[in-house]
Amino acid sequence: MVLILEALVEILRRPTVADVAVELAAFVAPLWIAVFAGLLLGWAWRPGWAAGLSGAVKTESAPSPGPHSVEERSEKLAVTEEDLEHLFRLVEVTDGGPEWHKMMDKSLPNMRYQAWRRDPETGPPQYRSSTIYEDVTPEIVRDFFWDDEFRIKNGWDDMLLEHTTLEECPSTGTMVVQWVRKFPFFCSNREYIIGRRIWESGRTYYCVTKGVPRPAVPRRNKPRRVDLYYSSWCIRAAESRRDGRMTACEVLLFHHEDMGIPWEIAKLGVRQGMWSCVRKIEPGLRAYQLARRSNEPLSRFAFMAQINTKFDADKLRSFETITDLSGNVVEAEKQKNWTSSIPKFLVVGGAVAIACTLDHGLLTKAVIFGVARRFANIGKRL
């Protein structure tokens with residue numbers, strides 16, 4: 001703050017009005033560039049999680065009570081029972097994490113969307129969403145989100161550029177896939193190595209997808225690999241808003257990832273791009289329904305989505321230790337004072353745009369973000 005005031009005083013000491021105007025223009029120009037960059041980021045970047053939204057990469061879990069074959073226990077699967085237990089706790093709101101703060105509540109004639117966010121002490125922001133689709137079965141929704149071929153063919157997820165299947169397990173349905181996703185022009189595209197698997201209890205489906213290490217797949221400078229990725233669903237029948245019958249389907253989605261973008265900037269991008277991305281899903285889902293009704297052949301992805309591991313959710317629930325550590329879902333997120341959020345938005349927004357565009361290496365980016373953080377801290381005291 002003192003540095004800013006000193007700079008302004010020095011400018012005002014210029015001998016002529018013209019000199020003062022020129023100096024002020026030079027002083028303000030970076031702020032306008034930062035505003036433009038921040039707005040551009042919010043407009044251009046659309047989160048991949050919205051295509052379907054967190055917890056820790058791995059948690060300590062009690063042994064699963066369900067019976068499993070020796071063969072399955074011996075397999076080194078990319079997604080395991082510990083991942084099921086973690087997703088189960090997220091769904092039951094007993095995972096011990098911080099409170100969820102509501103971000104959004106929007107509706108269309110055939111869907112309702114609600115979203116929450118929480119900020120753990122370490123790691124990126126975590127997102128939770130509930131989407132209820134009218135007149136669709138859990139099985140169709142399960143296959144729809146698993147079907148990478150249809151994602152690209154239909155274009156409802158326009159961030160997905162490429163997909164490759166690396167591994168398959170025909171007995172459990174576990175897959176390891178490689179994705180390349182499109183990012184805004186000032187950032188390189190991102191690569192994901194994703195392990196995924198589906199469990200079934202009745203007609204409720206617990207679908208885990210997460211980043212998995214695969215050293216055998218060589219890293220490239222571009223697209224940049226995202227190692228920390230978690231995006232998992234619970235898909236289940238729900239009451240219709242029209243008549244109360246169980247003809248709708250709810251998708252509870254939990255998501256977080258570290259894309260290499262400062263988390264505060266990523267949160268701004270999520271807030272700006274969330275709804276525009278989410279509302280594209282419903283037309284894609286209806287197109288998928290029509291394709292299935294016309295008996296089009298199943299893709300390999302849809303076929304694998306139907307290989308599920310059965311378990312007893314009630315039995316697992318009885319083994320869980322129920323706590324109140326994360327039992328709160330807060331209706332509205334507390335708004336920060338605008339005088340503290342605007343300087344951070346301006347400076348950090350400009351910094352991430354400059355860093356991603358110039359791509360001068362880690363040292364330059366560290367300097368840029370270090371300067372941005374210092375000025376953002378000054379902004380907090382304004």
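## A salt bridge between E9 and E10

Arg236 is partly exposed, with a relative accessible area of 26%. Its side chain meets that of Glu250 in a salt bridge, at 3.0 Å from N to O. This is a predicted model. Glu250 lies in strand E10 and Arg236 in strand E9, so the salt bridge ties together parts that are 14 residues apart in sequence. Glu250 counts as buried, at 14% relative accessibility.

## Other salt bridges

A search of the whole structure finds 29 salt bridges. One of them joins the side chains of Arg118 and Asp95, at 2.6 Å from N to O. This pair links distant parts of the chain. Arg118 sits in strand E2, while Asp95 sits in the loop between H4 and E1, 23 residues apart. Arg118 is buried, with a relative accessible area of 1%. Asp95 is partly exposed, with a value of 22%.

Glu134 and Arg241 also meet through their side chains, in a salt bridge of 3.9 Å from N to O. Glu134 lies in the loop between E3 and H5, and Arg241 in the loop between strand E9 (229-238) and strand E10 (248-257), so this pair ties together parts that are 107 residues apart in sequence. Glu134 counts as buried at 2% relative accessibility. Arg241 is partly exposed, with a relative accessible area of 47%.

## The chain as a whole

The chain has 382 residues, and 49% of them count as buried. Its secondary structure comes to 12 helices and 12 strands. The accessible surface is about 19300 Å². Carbon and sulfur atoms account for 58% of that surface.

## Strands E1, E2 and E3

Strand E1 (residues 100-108) pairs with E2 in the antiparallel sense, over 7 bridges. The two strands form a hairpin with 2 residues between them. Two bridge pairs can be picked out here. Ser107 has Arg112 of E2 as its bridge partner. Lys102 has Trp116 of E2 as its partner.

E2 also pairs with strand E3 (residues 126-133). These two run antiparallel and are joined by 8 bridges. Arg118 has Gln126 of E3 as its bridge partner. How many residues of E2 are buried? The count is 7 of its 8 residues, so strand E2 (residues 111-118) is mostly covered.

## Helix H5

All 9 of the 9 residues of helix H5 (residues 138-146) are buried, so the helix is largely enclosed by the rest of the structure. The buried residues include Pro138, Val141, Arg142 and Phe145. Glu139 and Asp143 are buried too.

## Nonpolar cores

Nonpolar side chains tend to be buried together in soluble globular proteins. Which residues have the most contacts inside the largest nonpolar core? They are Phe145 and Ile235, in a core of 51 residues. Helix H7 (residues 263-278) gives the largest share of this core, 6 residues. Apart from it lies another core, of 23 residues. Phe88, Leu90, Ile193 and Cys234 are among its members.

Ile235 touches several residues that are more than four places away in sequence. Among them are Pro138, Val141, Arg142 and Phe145, which are buried residues of H5. Glu250 is also one of the residues that Ile235 touches. That is the Glu250 that meets Arg236 in a salt bridge.

## Unusual backbone spots

Most residues other than glycine have a negative phi, and most peptide bonds are trans. Val93 is not a glycine, yet it has a positive phi of about 60°. Val93 is found in the loop between helix H4 (81-92) and E1. Is Val93 buried or exposed? Val93 is buried, with a relative accessible area of 14%.

Asn295 also has a positive phi of about 60°, although it is not a glycine. Asn295 lies in the loop between helix H8 (281-293) and helix H9 (300-305). Asn295 counts as exposed, at 66% relative accessibility.

A cis peptide bond joins Lys222 and Pro223, with omega about -5°. Pro223 lies in the loop between strand E7 (204-211) and strand E8 (224-226). Asn221 is found in the loop between E7 and E8. Asn221 counts as exposed at 76% relative accessibility. Asn221 and Arg190 are 31 residues apart in sequence, and their C-alpha atoms are 10.0 Å apart in space.

Terms used. Residues numbered from 1 in each chain as written. Predicted model: local features only at pLDDT ≥ 70, side-chain atom pairs only at ≥ 80, totals over all residues. Heavy atoms only, no water. Buried < 20%, exposed > 50% of the residue type's maximum accessible area, 1.4 Å probe, protein only. Helix = DSSP H or I, 4+ residues; strand = E, 2+ residues; numbered from the N terminus. Areas by Shrake-Rupley, 256 points an atom, 1.4 Å probe, with all protein chains shown as cover. Pairing = 2+ DSSP bridges. Core = buried A, V, L, I, M, F, W, Y, C linked by side-chain atoms within 4.5 Å. Contact = heavy atoms within 4.5 Å. Salt bridge = Lys/Arg side-chain N within 4 Å of Asp/Glu carboxyl O.
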